[in-house]
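Work through the exercises below with the sequence and the 3D view open. Try each task before you read its solution.

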Amino acid sequence: MEILKGAEVSARMKEQVLDAMKQYEGDPPMLAIVRVGEKPDDLSYERGAMKKMESFGFRARSYAFPEGIPDAEFRNAFQAINADPGVAGILVLLPLPKQIDSSAVAAMIDPKKDLDGISPVNMAKVFAGDASGYAPCTAEAVVEVLKAYEIPISGRRAVIVGRSLVVGKPLSMLLLKENATVTVCHTRTVDLPAVCRQAEILVAAAGKARLLDGSYVGDGAVVIDVGIHVDADGKLCGDVDFESVRERASMATPVPGGVGTVTTAVLAKHLARAAGVLTE
Ligand code: NAD
């Protein structure tokens, strides 16, 4: 089984952006990372994203708010970030605490700065197959991995496990745009292993540690693991039981070292587009 390495995909994307940056004049574009609270997952994602932006030649700034900030106060502060001409792109770490109206925030964000595709405008563009918007970075990262390794998508049977708004649903649209035949599975899917075994491209985005073992994988399938978990031993793992799929899959992404690395590279690419460094 070939291991699909996120670092290699990310390195190529970085080269493309650094190359385009040579023609760019002015201050490096800035990403605003908006965080409410101090969740360890958010802090670790933020650190990774900031490092990645710097390595791509960009700037990133964290705008952190206390967990209990009232909705109106947060939205006022958010509007100031949104309107700041020095901010080229915004990443809001989700989910926001309950007192904050997340859909109102998603509706407020300037679609041109909405690098993770949470605004209704960008969601509609993903649905319409219009590449001028921003798709959620993780969903796009899956397609980047497939394309970087020249894995054919057109005409292939793709099965996605998970129907969330940030991964499963937008990814189904992106794969459809690439002419895959797409099945989206969820908690009510009957006989999930049998449906998954039909996949030539199997994407795990269920948010359940090691849910998919070898019995879910058809011979020769390409397995892309979106999940990120910390197991009982404190080790990172995905939604796929990596060792167990080795015998069946032809290719698979590991966790760590797979889709996660590419997700922040897509974020950087989106920032490059928002700032006009890249046109596509
Ligand atoms: P979510 O919890 O919002 O959605 C999970 C989806 O999986 C739901 O649609 C649910 O119906 C489905 N599901 C759950 N259990 C299932 C089961 N037993 N059988 C079939 N379907 C099942 O999660 P999410 O935000 O989409 O994230 C999914 C995973 O991806 C998580 O592990 C998350 O940490 C990870 N993630 C990774 C990145 C990255 O950059 N790699 C980014 C975002 C999320």
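**Exercise 1: Domains**

Task: State how far apart the centres of domain 1 and domain 2 are, and give the bounds of each domain.

Solution: In this predicted model, the centres of domain 1 and domain 2, taken over C-alpha atoms, are separated by 27 Å. Domain 1 covers residues 18–120 and domain 2 covers residues 137–260.

**Exercise 2: The ligand shell**

Task: Describe the residues around the ligand and find polar contacts to Arg163, Ser164 and Val226.

Solution:
- Step 1. The ligand is surrounded by 22 residues, and the closest are Thr138, Arg163, Ser164, Val226 and Thr263.
- Step 2. By class, the shell holds nine nonpolar, 10 polar and three charged residues.
- Step 3. Use the cut-off for a polar contact, a pair of N or O atoms within 3.5 Å. A side-chain N or O atom of Ser164 is 2.5 Å from a ligand oxygen atom. For Arg163, a backbone N or O atom lies 2.8 Å from a ligand oxygen atom. For Val226, a backbone N or O atom lies 3.3 Å from a ligand nitrogen atom.
- Step 4. On its own the ligand has 850 Å² of accessible area, of which the protein covers 72%.

**Exercise 3: Nonpolar cores**

Task: Which residues have the most contacts inside the largest nonpolar core?

Solution:
- Step 1. The largest nonpolar core has 55 residues, and Leu31, Phe58, Leu146, Leu175 and Ile224 have the most contacts inside it.
- Step 2. Domain 1 and domain 2 each supply at least three residues to this core.
- Step 3. Another core, of 19 residues, lies apart from it and includes Ala32, Tyr63, Phe74 and Ile90.

Note on methods: Residues numbered from 1 in each chain as written. Predicted model: local features only at pLDDT ≥ 70, side-chain atom pairs only at ≥ 80, totals over all residues. Heavy atoms only, no water. Domains from an automatic or database assignment. Near = heavy atom within 4 Å. Polar contact = N/O pair within 3.5 Å; in protein donor to acceptor, adjacent residues only side chain to side chain. Areas by Shrake-Rupley, 256 points an atom, 1.4 Å probe, with all protein chains shown as cover. Nonpolar A, V, L, I, M, F, W, Y, C, P; charged D, E, K, R; others polar. Core = buried A, V, L, I, M, F, W, Y, C linked by side-chain atoms within 4.5 Å. Buried < 20%, exposed > 50% of the residue type's maximum accessible area, 1.4 Å probe, protein only.
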